[in-house]
Amino acid sequence: MSDEDKTICPYCGQKMSRWEGGATQSWGSEYQYICFNDECGYYQRGWDHTFRRIGIKASYRHRYDPTTGQCGPFPVSSEIAGKDGIIAE
Ligand SMILES: [Zn+2]
């Protein structure tokens, strides 16, 4: 699998958005790829899953870090959370 393929969300098949958290980010990497598709199954299931597990209204989106090559959840507390960090490629 090439790096380019990893910018496609494996849960919904959509191209992920390049995302920068700015000075407040704690990710360490310059930028991430995050799936901001509100129809994404991973994100949609996350609401229910998080609420049942820890009792708070939150979810997560699929995230890919091109610097480390690792994928993981990007926690969000609302539908718009993080969207201001999306940057055009
Ligand atoms: Zn997705």
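## Contacts of Met16

Beyond its neighbours within four places in sequence, Met16 contacts Lys6, Thr7, Ile8, Cys9, Tyr33, Ile34, Cys35, His62, Arg63 and Tyr64. The model described here is predicted.

## Nonpolar core

The largest nonpolar core comprises 15 residues, and Met16 and Cys40 are the members that touch the most others. Two or more residues of this core come from each of β2 (32–34), α1 (41–54), β3 (59–65) and β4 (70–76).

## Zinc site

Cys40 also serves as a donor of the zinc ion through its SG atom, together with the SG atoms of Cys9, Cys12 and Cys35. These protein donors lie 2.2 to 2.4 Å from the ion. Along the sequence, the donor residues follow the spacing C-x2-C-x22-C-x4-C. Both Cys35 and Cys40 are buried.

The arrangement around the zinc ion is tetrahedral because the four donor atoms subtend angles of 100 to 115°, and the criterion requires all angles to lie between 85 and 135 degrees.

## Sheet and helix

The open sheet consists of four strands in the order β1-β2-β3-β4, with antiparallel pairing. β1 (17–19) and β4 are the edge strands; each has a single partner strand, so one side of each lacks a neighbour in the sheet. On average, neighbouring strands are turned by 40° against each other, direction ignored.

The antiparallel strands β1 and β2 are joined by three bridges. Arg18 has Tyr33 in β2 as its bridge partner, and Tyr33 is also among the contacts of Met16. Helix α1 packs on the sheet, where α1 touches β3 and β4. The direction of α1 makes about 130° with that of β3.

Notes:
Residues numbered from 1 in each chain as written. Predicted model: local features only at pLDDT ≥ 70, side-chain atom pairs only at ≥ 80, totals over all residues. Heavy atoms only, no water. Core = buried A, V, L, I, M, F, W, Y, C linked by side-chain atoms within 4.5 Å. Buried < 20%, exposed > 50% of the residue type's maximum accessible area, 1.4 Å probe, protein only. Contact = heavy atoms within 4.5 Å. Donors = N, O, S within 2.8 Å, 3.2 Å for Na, K, Ca; no water. Tetrahedral: all angles 85-135°; square planar, octahedral: opposite > 155°, others 65-115°. Pairing = 2+ DSSP bridges. Axes fitted to C-alpha atoms, helices over the stretch in contact; angles between N-to-C directions.
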